Amino acid sequence: MAKLPLIVGLGGINAAGRSSGFHSYKRLVCDVLKEDVMASTWQDLAQRMELDTHDINTDIITQIKAGTLVRRTTTFVPEAVPFQRKAKLAPSVAPITFQLKKSKLPQTIPANWSLTDVDNKTVEVVVEGEFEALVHDTITYPVSSAGNIPTGFDLDKLYNSRSHPRGLKLTVYGASDALNSLGVDWNDILKLINPDEVSVYAGSALGQVDENSFGGMLSAYFKGGRVSSKMMAMALAEMPADFINSYVINSAGTTGTNMGACASFLYNLRQGMLDIQSGKSKVAIVGNAEAPVETGVMEGFRVMGALAEDDQLKALDNSDTVDNRRACRPFSSNAGFTMAESAQFVVLMDDELALELGVSIYGSVADVFINADANKKSISAPGIGNYVTVAKATALAKAILGEAGLQHTFVQAHGTGTPQNRVTESHILSEVATSFNIKSWPVTAIKSYVGHSMGAAAGDQLVASLGVWQHGWIPGIKTIDHIAGDVHQANLNILTDHKFVGDKGQEMKAVILNAKGFGGNNASGLVLSPQQTLTMLEAKYGKSVVSAYHEKNNKIQKTAQTNDNKACFGDENIRYEFGNAVIDESGVNITTEEVRLQGFVNAIKLAQINPYHDYS
């Protein structure tokens with residue numbers, strides 16, 4: 001029988017703030033939470049944004065709100081984006097003449113150049129005829145909205161991050177945040193499991209794309225720069241997993257990333273889930289980190305017509321001013337999606353180990369379904385695969401929860417804010433809801449708050465959903481004032497306001513996370529509530545075991561809360577162990593039964609029995 005993968009830790013950062021402690025979730029629904037509940041979140045955000053933390057007054061909260069969620073981008077200045085214009089210079093009367101350092105001369109001297117030494121280091125260049133050049137310019141970029149992490153949050157101050165791409169800085173922070181949320185020291189967990197009973201599935205859908213990675217590497221020759229030895233390696237899409245293994249958790253277990261465009265987080269979640277279910281791993285850290293708010297990347301999506309441009313937003317509002325805050329408008333009159341950065345990680349754990357440790361159970365992953373689109377005209381257009389994934393997830397929810405329980409589920413839609421998505425995804429959800437006789441299925445879309453973080457997007461959805469089971473509110477789509485006329489609404493309740501679903505969200509037994517990626521990468525995950533999860537664990541292990549778990553959990557919760565309180569005031573443990581306790585070949589001892597690694601309490605057991613004996 002398959003193990004139930006439990007969600008026992010979460011961490012990361014997006015435009016709403018820090019994930020652990022459910023602070024990013026609380027920022028989404030701050031207008032309906034009580035002041036005492038919000039106090040720690042305002043403190044945390046003020047700390048991260050380097051605002052005055054001694055007196056969190058109305059003015060500070062106003063600054064926090066202005067510097068979080070989707071807003072005018074802080075990655076670049078939209079009115080002054082560097083641009084190189086090709087120019088063909090022609091002489092007017094005399095030939096074009098200029099001086100140049102010899103070290104800057106082109107390797108191949110153009111045929112129409114004449115060179116005369118000025119001194120040992122300088123030459124005079126006379127050009128007969130035309131001269132091709134690149135002229136430095138700045139342009140106003142058509143898109144000024146983005147989901148940047150909170151304004152003022154300086155990742156470089158967290159650890160020695162010299163030359164690290166932004167996506168890897170986000171990774172180190174997000175993974176550390178997830179481990180801090182456990183309430184148990186990671187090294188204590190390693191003592192209870194074998195070194196190969198840890199899985200890490202983490203990556204980025206686009207790879208690392210800034211000046212310290214692919215962006216700098218690919219443009220160096222054209223801009224007169226140089227390629228460093230780190231750029232290629234650090235640009236790879238699986239590098240977040242590599243960083244976590246080598247510099248954050250000291251793991252010799254299973255690793256990698258499973259890429260599926262905008263559905264990549266759910267692809268990785270499925271890999272971790274399968275490892276736990278099969279017993280191959282006792283712990284799995286899964287997630288994605290993405291830092292795509294770069295004009296080069298955004299331009300690729302913009303020319304496809306996918307991004308919401310400023311002029312389009314102005315036209316929607318019949319205004320001369322762009323409303324950056326409302327750039328993403330799922331299921332309403334809209335123009336495109338909004339690029340965002342994010343790092344989101346969750347810690348999955350074997351149910352027996354979780355009960356033994358007493359770690360907090362925030363939910364469980366019932367399954368993740370992935371289906372392709374089959375034949376279709378355009379590789380980037382949506383297709384039939386998402387009908388299959390949503391139907392599968394809904395059918396499993398019905399099988400686990402029953403007909404009545406199915407009515408107590410909600411949907412975190414992909415909800416990009418594009419005209420195409422509002423029609424296609426609403427039709428999928430409406431068809432499935434009608435088929436399964438779900439009367440009024442609550443549907444929300446987190447991208448309206450934090451934007452589209454590409455591979456990490458479903459992680460944003462998951463963290464926001466887990467928050468519902470802590471504070472009771474499903475965040476509504478507050479950036480819209482109406483549902484577009486072409487949106488399918490039969491059997492759906494597309495939330496335009498926050499919806500209260502009981503204390504700790506007890507009215508909701510599960511959520512379906514939906515993700516649609518370019519190329520036909522469709523994924524839908526079914527995540528069960530903590531209460532539903534505990535009910536199932538009690539049915540399997542008995543009341544006495546669960547009762548003993550609760551006693552252990554009381555202490556764990558206090559430790560986790562202490563860690564969270566410290567983080568709110570800037571005292572958080574950023575795990576980056578570069579160069580510490582390095583293991584080389586001298587630290588490996590192999591026998592026919594096991595492999596022992598220096599620094600690990602337990603050994604890796606080697607196979608002794610033929611698993612295919614019935615084929616022999």
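Begin by selecting Phe243, which in this predicted model is buried, with a relative accessible area of 4%. Next add Tyr247, which is partly exposed at a relative accessible area of 22%, a value that falls outside the buried class because that class is reserved for residues under 20%. Both Phe243 and Tyr247 belong to helix H8, which spans residues 239-249, and they are set four residues apart, or about one turn of that helix.

Now widen the selection around this helix. Tyr159, Tyr576 and Phe578 join Phe243 and Tyr247 in one aromatic cluster, so displaying the five side chains together shows the whole group.

From here, turn to the aromatic pairs of the model, of which the count comes to 16. One of them is found by selecting Phe76 and Tyr141, whose rings meet edge-to-face, with 6.0 Å from centre to centre and 90 degrees between the planes. Phe76 sits in the loop between strand E3 (71-72) and strand E4 (81-89), while Tyr141 sits in the loop between strand E8 (131-139) and strand E9 (145-146), so this pair ties together parts that are 65 residues apart in sequence. Both Phe76 and Tyr141 are buried.

Return then to Phe243 and Tyr247, which also form an edge-to-face aromatic pair, with the ring centres 5.0 Å apart and the planes at 85 degrees.

For the last stop, select Arg48 together with Phe153: here the charged end of Arg48 sits over the ring of Phe153, at 5.7 Å from the ring centre.

Conventions
Residues are numbered from 1 along each chain as its sequence is written. This is a predicted model: local features need pLDDT of at least 70, side-chain atom pairs count only at pLDDT 80 or more; totals for chains, interfaces and linings use all residues. Side-chain values use heavy atoms; hydrogens and water are left out. Rings of Phe, Tyr and Trp (its six-membered ring) pair if their centres lie within 6.5 Å; planes under 30 degrees apart count as stacked, over 60 as edge-to-face and the rest as tilted. Helices (H or I, at least four residues) and strands (E, at least two) are DSSP runs, numbered from the N terminus. Buried means under 20% relative accessible area, exposed over 50%, partly exposed in between (1.4 Å probe, protein chains only). A charge sits over a ring if NZ of Lys or CZ of Arg is within 6 Å of the ring centre and within 35 degrees of the ring normal.
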